[in-house]
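This report describes selected features of a single protein chain. The sequence and the structure are shown below, and the sections that follow take up helix packing, internal space and individual residues.

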Amino acid sequence: MRIILVTGAGGAGRSTVAAATALAEARAGRRVLLVPGDGFGAGPGDGTSGGAGTGTGAGAEGGPGALTVLRTDPAAGFRRAFLALQDRSGTLFDLLGAVPFEDAELTEPPGSRQFALLRALREAADGDHDVAVVDLPPLHDALAVLALPAQLRRYLRRLLPAERQAARALRPMLAQLAGVPMPAQWLYETTARWERELAAVQALVEAPGTTVRLVLEPGPDAARALRDARLGLALHGLALDAVLANRLLPAGSPDPWLAALTDRQRHHLETLRATAGDLLSALPHLGPDPHRPADPALLAALPDPHRPAGPPAPAPRVEDRLAEDGVLVWHLPLPGAVKGELSLVRRGDELLLGAGPFRRALDLPAALRRCTVTGAGLVDGDLRIRFTPDPGLWPRPS
């Protein structure tokens, strides 16, 4: 299944574009799942679905297409997860004298919407669909959501490492002596289940069939937003499938003020094109009521649903320069990176990398773990980190 993640600048119309993208894919004859975000309530009358959230449409070549809208309920999801954990911990809470919560007492905490999006992504993969279109929050929040599974797995491995489940054989005996289940047992069981679920979502985010579409409105901040997007997506290994310049005003207006505004938009559009190239598509302004994803002009301006996905994200690679210079060079693609906005910290087998407003902890390849960092340089968006083998750890030739 192909997954199209739609994000962009706040207020650029990404929710309308996400709904239109899902509709275009359905009309091309595919079974499509749309996961709408907070900014757009897909439903009857907006051209994306009908009845109970599903709809059908004629394919572009006469084949049947189907569109299903998956609505998320973050509050209900949080209550279910909390109550399930409370039930599993009931004996321990009774021992501590804690008063359990009831369903009606629980309110949605911050962060529950991000987890709801990740659950929806997992549900999308389990369904019978050809394409899933996910309306994500604005760019920085979207990258934080997509990075969450890998980050949480990292925290779990550090705080509750599986290899340190002490006294595994003694826990049943200790439980009999104490008369209550040992917390470590259910804690590690829960951790293992979370690890499996997070790993499954992370695999979906990093799959070759997952791409990102960026929605921007041509203006003074658009070029910086595109630069940040390319940098953040590359740092997290995500492929940019299309850049959609939204709400483009029609040319040739007799009104001088509107004509000047149109000219400025076209100037910013060309600036975007210089960076995005063939990935750029210009979408028309839909007038005072923009929530019309079924608008024929909008559907016609979207990238062709039959075109293949864009190129995969450039992957890090290790260059062997031991014979020439005595070093291994780790190449990390960071398009648009600025030297003064980079930070590198080696901590154990991880590299903590900061690029502009983004941060990520990268696992070092096995060969580099036996080396020390001896330098780094940025050349045309390629971060090159030099590693020198540690004589105490590097294998000696026989």
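## Packing of α4 against α5

A helix axis is here a line fitted to C-alpha atoms over the stretch in contact, and the angle between two axes is taken between their N-to-C directions, from 0 to 180 degrees. The model under discussion is predicted. In this model, helix α4 spans residues 112-126 and helix α5 spans residues 139-159; their axes come within 10 Å and cross at roughly 90°. Angles of 65 to 115 degrees count as roughly perpendicular, and α4 is therefore roughly perpendicular to α5.

On the α4 side, the contact is formed by Q114, F115 and L118, which meet V145, L148, P149 and L152 of α5. By class, the residues of this contact comprise six nonpolar and one polar, with no charged residue.

## Packing of α5 against α8

Helix α5 also packs against α8, which covers residues 222-235. The axes of α5 and α8 come within 11 Å and cross at roughly 5°. Because angles under 35 degrees count as roughly parallel, the two helices α5 and α8 are classed as roughly parallel to each other.

From α5, the residues L139, H140 and L143 take part in the contact, and from α8 the residues A225, D228, A229, G232 and L233. The contact of α5 with α8 contains five nonpolar residues, two polar residues and one charged residue.

## Internal cavities

Rolling a probe the size of a water molecule over the atoms shows where empty space is left. In the present model, three cavities of 30 Å³ or more are counted. The second largest cavity holds about 50 Å³ of space.

Which residues line the second largest cavity? Its lining consists of L5, L117, L118, L121, V134, L136, V145 and L146. Helices α4 and α5 each contribute at least two residues to this lining, and the largest share, three residues, is supplied by α4. The lining has eight nonpolar residues and no polar or charged ones. L118 and V145 take part in the contact between α4 and α5, and both also appear in the lining of the second largest cavity.

## A223 in α8

A223 belongs to helix α8. Is A223 buried, partly exposed or exposed? Its relative accessibility is 37%, and the range between 20% and 50% counts as partly exposed, so A223 is placed in that class.

When neighbours within four places in sequence are set aside, A223 is in contact with T271 and L272. The C-alpha atoms of A223 and T271 are 6.9 Å apart, although the two residues are separated by 48 residues in sequence.

## Residues with positive phi

Most residues other than glycine have a negative phi. R247, which lies in strand β7 (residues 239-248), has a positive phi near 60°.

D380 also has a positive phi, near 50°. This residue is found in the loop between β14 (371-379) and β15 (382-389). With a relative accessible area of 80%, D380 is exposed, since values over 50% fall in that class.

## The chain as a whole

The protein chain contains 11 helices and 15 strands. Of its 398 residues, 41% are buried. Among contacts in the chain with a separation of 6 or more, 68% are made by residues 24 or more positions apart.

Methods
Residues are numbered from 1 along each chain as its sequence is written. This is a predicted model: local features need pLDDT of at least 70, side-chain atom pairs count only at pLDDT 80 or more; totals for chains, interfaces and linings use all residues. Side-chain values use heavy atoms; hydrogens and water are left out. Helices (H or I, at least four residues) and strands (E, at least two) are DSSP runs, numbered from the N terminus. Angles under 35 degrees count as roughly parallel, over 145 as roughly antiparallel, 65 to 115 as roughly perpendicular and the rest as oblique. Contact means heavy atoms within 4.5 Å. Ala, Val, Leu, Ile, Met, Phe, Trp, Tyr, Cys and Pro count as nonpolar, Asp, Glu, Lys and Arg as charged, and the others, Gly among them, as polar. On a 1 Å grid over the protein atoms alone, a cavity is a set of points where a 1.4 Å probe fits but cannot get out, and a pocket is an open set with protein on both sides within 12 Å along at least five of seven lines; lining residues have an atom within 4 Å of a point. Grid points are joined across faces, edges and corners, and a volume is the space filled by probe spheres set on the points. Buried means under 20% relative accessible area, exposed over 50%, partly exposed in between (1.4 Å probe, protein chains only).
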